[in-house]
Amino acid sequence: MDPTKVILDRAYMIAPVDPRIFGGFLEHIGRAVYEGVYDPQSKQADEQGFRKDVLSSLNDLAFTAMRYPGGNFASGYHWLDGVGSRSSRPVLQELASLSIEPNQFGTDEFIQLARKMNWIPMITANLGTGTPEEACNWVEYCNRPVGTRFSDLRAKNGTVEPYGVKLWGLGNEMDGPWQQGHVPADQYAIRAQQAAKLMKDIDPSIELVVCGSAEIGLPTYMEWDRTVLEYVGDYADFISLHRYVGNLSGNTSDYLAVTNSIDQQIEVMDSLCRYAQARARSRKRYYLAFDEWNVWYRTQNAESVNGHGKFAQHLVEEEYNLEDALVVAGFLNSFIRHADVVKIANLAQIVNVLAPILTRGDKILLQSIYYPLVLYAQRREGVALQAIVDGPGYESKNYGFVHTIDASAILGKGVLHAFLINRSTTEPAIVEITPAGIGLKSVRSAELVTGPSAASCNTFDHPDTIYNQKLSNIKLTGQIATIDLPPLCVAAISFSLDDNA
Ligand code: AHR
């Protein structure tokens, strides 16, 4: 294969990378909360009932914004059920995944966990079966200094100082017919506007995410988003995007080209935001919260989300392989390339459900997608640079032309991080990083995720097939770095910079 040039010019800065694009999502579904992060019966539990092994692995992913409690779960959740003495919290039939919800983990436990993990809490209010008033009371519980009904309740439950939750979602996927309390766009917009006003009256410093389209295939796609933004107006700070992808046709090259469609989804939504802003003659810019994204197709069926009226069932436990790891890296490259508009993004999810980490009894497994997440977690501070790719490519079946190498880059203080994906299923690639206005001094660190085949995965019996390896064959010749990449890999390279360049 001909070499690929990746041109990185200091003059072509996109925007500072918002740390919140490296967020996660913890939902009450299946074994995400119970048997996932919280499992007081486990040998691995700490004194608060959190699983130490899970938290230690999550630590390496260094998630930032953590979305909670759903998801579809949020649209039937009444937060008061999850606070106060554990023994008097109700056990409920939960309707999003037809499961039993014992409410042993709620707002206070989530905040405890978020503090332990250094996560930025991001709470989704119930605008499905809940009311604007209930959402406003939740903000009061979390953020108001003591002296009122719900702030005093927080103090009574053990925390006098406000939690200061700055990020709130105005419902979840309210355009989806599967959603509890689903309504047409104009009705959701009214609900969201009412809730937003009350919530910001309680705490004007909060930032709000309105529900955008849950799927690009829904008939209301874009029309929903326009209606909502036009009505909610300046109360909205972000609009949500969701995306789950998969290799349904068993065509790896096509699947790896899905990043084109993710780029496009972001650009189309950004255009809509600009349109809504212009129509309103407003100075308020709406940004994007890509608050659910991942690979999900093997377990995307009614049975996989049906808990059959039982507690903590094995729901949506997708098993990931090498090609999925490359697609996950592709999502992150796309967010970095759009750092000027994507300000929040949440991997859905973090443990057991659509997750990089699986538990089985007291054991833990790190899936393939865990490893690229670690590479990015270690290299994310700085300004996104435009990565101009010049090299071979191919016409994919569904997503048009893609370069064989997918790239993104972040320029930090004294360091340049480059992220490269080799989409070729058979060919090694040579990549020449050609900087302009940036002096490459040395390779600070370089790692790689690859494996024997696109379908290779880690299992409880063979947990070490996919892992992060050192990448050593990088030559610095003058100002050009030449990197040899094997087929089907994601690589992250950090260069120390020459201050005089
Ligand atoms: O992440 C699983 C589910 O996918 C979420 O509950 C929902 O918001 C989405 O449809």
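This is a short talk on the pockets, sheets, helix pairs and unusual backbone spots of one predicted model.

Morning, everyone. Keep in mind throughout that we are looking at a prediction. I'll start with the empty space.

Rolling a probe the size of a water molecule over the atoms shows where empty space is left. The largest pocket has a volume of about 830 Å³. Which residues sit closest to its centre? They are Glu173, Glu215, Tyr244, Trp296 and Gln300, out of 43 that line this pocket. Now the elements behind that lining. Two of them give two or more residues: strand 9, at 238–245, and helix 7, at 252–256. Strand 9 makes the largest share, with four residues. What about the chemistry of the wall? By class, 19 lining residues are nonpolar, 17 are polar and seven are charged.

On to the second largest pocket. Its space comes to about 280 Å³. Here 17 residues form the lining. Nearest the centre are Arg337, Ala387, Val389, His403 and Asp406. Which elements each supply at least two residues of this lining? There is one helix to note, helix 8, at 259–279. Then come strand 15 at 383–390, strand 17 at 400–403 and strand 18 at 405–412. Strand 15 gives the most, five residues. The classes in this second lining are nine nonpolar, four polar and four charged.

Strand 15 brings me to the sheets. Strands of a sheet pair through backbone hydrogen bonds, either parallel or antiparallel.

Look for the sheet of ten strands. It is open, its pairing is mixed, and the order reads 22-21-25-19-18-15-1-20-24-23. So strands 15 and 18, which we just met in the lining of the second largest pocket, sit side by side in that order. Which strands stand at the edges? Strand 22, at 467–470, and strand 23, at 474–477. Each has a single partner strand, so one side of each is left without a neighbour in the sheet. On average, neighbouring strands here are turned by 25 degrees against each other, direction ignored.

Let me zoom in on one edge. Strand 23 is joined to strand 24, residues 480–485, by four bridges. The two run antiparallel. For a landmark, find Lys475, which stands opposite Thr482 in strand 24.

There is also an open sheet of three strands. The order is 4-5-11, again with mixed pairing. Strand 4, at 92–94, and strand 11, at 310–311, are the edges. Each has a single partner, so each has one side without a neighbour in the sheet. Strand 5, residues 99–101, runs parallel to strand 11, and two bridges join them. One pair to look for is Ile100, with Phe311 as its bridge partner in strand 11.

Next, helix pairs. Two packed helices are described by the angle between their axes and the distance between the axes.

Take helix 1, residues 52–61, and helix 2, residues 107–117. Their axes are 11 Å apart, and they pack at an angle of about 55 degrees. That makes helix 1 oblique to helix 2. The crossing is right-handed.

Now helix 3, residues 132–143, with helix 5, residues 185–202. Their axes come within 8 Å and cross at roughly 25 degrees. Angles under 35 degrees count as roughly parallel, and helix 3 and helix 5 are therefore roughly parallel to each other. This crossing, too, is right-handed.

Last topic: backbone spots to check on your screen.

Where are the cis peptide bonds I want to show? One runs from Tyr68 to Pro69, with omega near 0 degrees. Pro69 belongs to the loop between strand 3, at 65–68, and strand 4. Another runs from Ala348 to Gln349, with omega near 10 degrees. Note that the second residue of this bond is Gln349. Gln349 lies in the loop between strand 12, at 342–348, and strand 13, at 357–360.

One more spot is Leu98. Its phi is near 45 degrees, a positive value in a residue other than glycine. Leu98 is in the loop between strand 4 and strand 5. Both of those strands belong to the three-stranded sheet.

To recap the pockets: about 830 Å³ for the largest, and about 280 Å³ for the second largest. Strand 9 leads the lining of the largest, and strand 15 leads in the second largest. That's my tour. Thanks.

Technical notes: Residues numbered from 1 in each chain as written. Predicted model: local features only at pLDDT ≥ 70, side-chain atom pairs only at ≥ 80, totals over all residues. Heavy atoms only, no water. 1 Å grid on protein atoms, 1.4 Å probe; cavity = no way out; pocket = protein on both sides within 12 Å on 5 of 7 lines; lining within 4 Å. Points joined across faces, edges and corners; volume = space filled by probe spheres on them. Nonpolar A, V, L, I, M, F, W, Y, C, P; charged D, E, K, R; others polar. Pairing = 2+ DSSP bridges. Axes fitted to C-alpha atoms, helices over the stretch in contact; angles between N-to-C directions. Parallel < 35°, antiparallel > 145°, perpendicular 65-115°, else oblique. Left-handed = near helix turned anticlockwise from the far one by under 90°.
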